[in-house]
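This briefing concerns a single protein model and is addressed to readers with the coordinates at hand. Please consult the structure below alongside the text.

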Amino acid sequence: MTNPAQNTWGRDQPIGVAVLGMGNVGTEVVRILRDHSEDLRSRVGAPLVLRGVAVRNLDNDRGLPPHLLTTDADALVAREDVDLVVEVIGGIDPPRRLILAALNAGKSVVTANKALLADYTGELAAAAERSRADLYFEAAVAGAIPVVRPLIQSLAGDRVNRVVGIVNGTTNFILSAMDETGADYEVTLKEATRLGYAEADPTADVEGYDAAAKAAILASLAFHTRVTAADVYREGISKISSEDLETASALNCTVKLLAICERVPAGPGEPSVAEGGKDRVSVRVYPALVPRKHPLAAVSGAFNAVVVEAENAGRLMFYGQGAGGAPTASAVLGDLVMAARNKFYGGRAPGESVYAELPIAPIGDTPTRYHVNLQVADRPGVLAAVAGEFAKHGVSISTVRQEGHGTGARLVVVTHHAVESALADTVTALGEMESVTSITSVLRLEGTEE
Ligand code: HSE
C-alpha cells in the first residue's frame with residue numbers, strides 16, 4: 001500500500017522560482033529567498049532555487065549575479081526549470097499575459113497584483129483550474145496582514161456578514177496626520193509625498209482606486225461571489241477638509257477611508273433567503289466618520305487593519321503593515337512556500353469559490369448613518385422645517401445640535417440608518433430651502449450599532 005502522505009517530488013530535486021519585477025517587493029523577495037534558503041528548504045521539503053529575475057533594464061546594479069537577470073520575462077516564465085512564478089510587477093499588462101502563460105504551462109503563480117485580480121480573477125482562476133496549477137495572492141490585500149488565507153481557509157465553514165477595513169496606508173497616513181495636526185488636505189498630501197508615503201501621482205491611493213481593488217478581492221472571498229472593481233462604489237479623500245476633521249472631533253470621531261463589504265438582506269418585496277431569495281452584496285469605499293472608541297479609529301499612520309464579522313466566529317481583527325517591500329514580501333514568501341509544498345506533496349490550493357453568485361446591491365439601496373452639517377438662518381421654525389425634510393424622506397434623526405447663533409448658526413444632524421437614495425433626496429431638498437444658507441458637509445458615519 002502506498003503512503004498517502006508520501007511526496008511526489010524528490011528531496012533534492014530543486015523547485016525553480018522565477019521572480020518577475022525587482023522593485024521594492026521583488027528586491028525583498030529575492031533577498032529572503034537567498035538569505036533563508038536553508039529554512040525554506042526545510043519548510044518545503046525540497047530546495048527553492050531562484051532561476052532568474054525579470055527586470056525592465058539591466059543598467060542598475062542589483063547585487064545579483066548577472067546570469068540571474070533578464071529583460072525577457074516571457075522566456076523566463078517558459079523555462080523548463082521554472083516551476084513557480086512570482087509576479088510583483090504590478091499593473092494589468094504584461095502581468096496578465098505572463099501569469100496566464102505560467103498557469104497554462106501548469107506553473108503555480110504567486111502575485112501581489114490587486115488591480116489585475118480585481119478585474120481578472122475569473123480568467124486567471126480558470127486557467128489555474130485547467131492546468132491544475134495554484135494561484136496565490138495573499139500580498140494583494142493589506143501587505144503583510146494575513147487576511148486572504150483566513151477568508152479562504154479559516155472561515156470556509158462560517159458565514160461572513162461584513163468585512164470592513166483600512167486597506168490603504170497612504171490615505172490613512174494623510175487622514176491621521178490631518179487629525180493630529182489640524183492641517184488641510186493639500187498641505188498634508190505634500191508632506192506625505194515628501195516623506196515617501198504618497199507617490200508622485202497619488203491618484204490611485206487618494207481617489208480610492210487601490211482600496212476599491214482590494215475591496216473587490218475581499219468581497220469575492222467573503223461572499224463566494226465574483227466581485228470586480230466596477231462593482232465597487234468609490235469615493236476618495238481629496239475633498240476631506242480640516243473642518244471635516246474638526247467636526248469629527250466634536251462628535252468624538254475621526255475620519256477614515258473605509259473599504260466596506262457587506263451582506264445586505266434581500267430587499268422589501270423580494271423573497272427572503274428562507275424562501276429561496278438571495279442576500280445582496282454591497283461593496284463600497286469612502287471616507288467616513290468612525291467613533292474614536294471603534295478599533296479601526298486607533299489604526300493610525302500608514303498601518304492597515306481589517307475587521308471581519310462572521311456568524312459564528314464573531315468579530316475578528318487583523319492589523320499590521322499594509323505596504324512596503326519587506327512586509328509585502330513576507331506575504332509573498334508565505335504563498336511561495338505553500339505553492340512549493342503543493343508541488344512537493346502533490347496537493348493543490350483551493351480554487352476560486354463563486355458558487356453563491358449574490359447580486360450586487362446598488363449604492364442607493366445601502367443603509368448607512370449620516371452626519372449633515374448645515375448653515376441656517378437663526379429664527380423660530382427653522383429647526384422644525386429642517387427636521388421635517390428628513391421625516392418627509394423617511395430618514396430618522398438620531399441627534400441634532402445647534403452651534404453658534406445669528407448669521408453663524410449651524411445645525412449638526414446625525415441620522416439613524418437610512419438608505420443612500422433617501423439621504424441624497426433629503427440633501428437635495430435641504431439645499432432648496434430658503435432658510436438653509438449652505439450644506440457644509442455630508443459625511444457617512446460607520447462603526448456604530450444604532
Ligand atoms: N499604495 C498602497 C497603500 C499600498 O498606500 O496602502 C499598495 O497597495
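The points that follow cover internal space, a surface patch and salt bridges.

The model is a predicted one. A search of the whole structure returns one cavity of 30 Å³ or more, and 32 salt bridges are counted. On the surface, F303, M317 and Y319 make up a nonpolar patch.

**Internal cavity**

- The largest cavity holds about 60 Å³ of space.
- Its lining consists of R162, V164, L258, V290, H294, L296, E446 and G447.
- Sorted by class, four of the residues lining the largest cavity are nonpolar, two are polar and two are charged.

**Nonpolar surface patch**

- Together, F303, M317 and Y319 present about 290 Å² of accessible area in this patch.
- F303 belongs to strand β11, which covers residues 303–310.
- The relative accessible area of F303 is 32%, so this residue is classed as partly exposed. Patch members must have over 30% relative accessible area, a condition that F303 meets at 32%.

**Salt bridges within helices**

- In helix α2 (residues 37–44), D39 and R43 are four residues apart, about one turn of the helix. Their side chains form a salt bridge with an N to O distance of 4.0 Å.
- D39 has a relative accessible area of 40% and is therefore partly exposed.
- Helix α13 (residues 382–392) contains both K392 and E389, three residues apart, which is about one turn of the helix. The side chains of this pair meet in a salt bridge at 3.1 Å, N to O.
- The two partners in helix α13 fall into separate accessibility classes: K392 is exposed at 63% relative accessibility, whereas E389 is buried at 12%. The class of E389 follows because buried means under 20% relative accessible area, and that of K392 because exposed means over 50%.

**Further salt bridges**

- R401 and E403 are joined through their side chains by a salt bridge of 2.2 Å, N to O.
- R401 is partly exposed, with 32% relative accessibility.
- A network of salt bridges links E129, R132, D134 and R348.

**Residues across topics**

- Among the residues discussed with a stated accessibility, F303 in the patch is partly exposed at 32%, and R401 in its salt bridge with E403 is likewise partly exposed at 32%.
- The charged residues R162 and E446 appear in the lining of the largest cavity, where two charged residues are counted.

Key. Residues are numbered from 1 along each chain as its sequence is written. This is a predicted model: local features need pLDDT of at least 70, side-chain atom pairs count only at pLDDT 80 or more; totals for chains, interfaces and linings use all residues. Side-chain values use heavy atoms; hydrogens and water are left out. On a 1 Å grid over the protein atoms alone, a cavity is a set of points where a 1.4 Å probe fits but cannot get out, and a pocket is an open set with protein on both sides within 12 Å along at least five of seven lines; lining residues have an atom within 4 Å of a point. Grid points are joined across faces, edges and corners, and a volume is the space filled by probe spheres set on the points. Ala, Val, Leu, Ile, Met, Phe, Trp, Tyr, Cys and Pro count as nonpolar, Asp, Glu, Lys and Arg as charged, and the others, Gly among them, as polar. Patches are made of residues with over 30% relative accessible area and no salt bridge: like charges are joined within 9 Å, nonpolar side chains (Val, Leu, Ile, Met, Phe, Trp, Tyr) within 5 Å. Accessible areas come from the Shrake-Rupley method with a 1.4 Å probe; for residues, only the protein chains shown count as cover. Helices (H or I, at least four residues) and strands (E, at least two) are DSSP runs, numbered from the N terminus. Buried means under 20% relative accessible area, exposed over 50%, partly exposed in between (1.4 Å probe, protein chains only).
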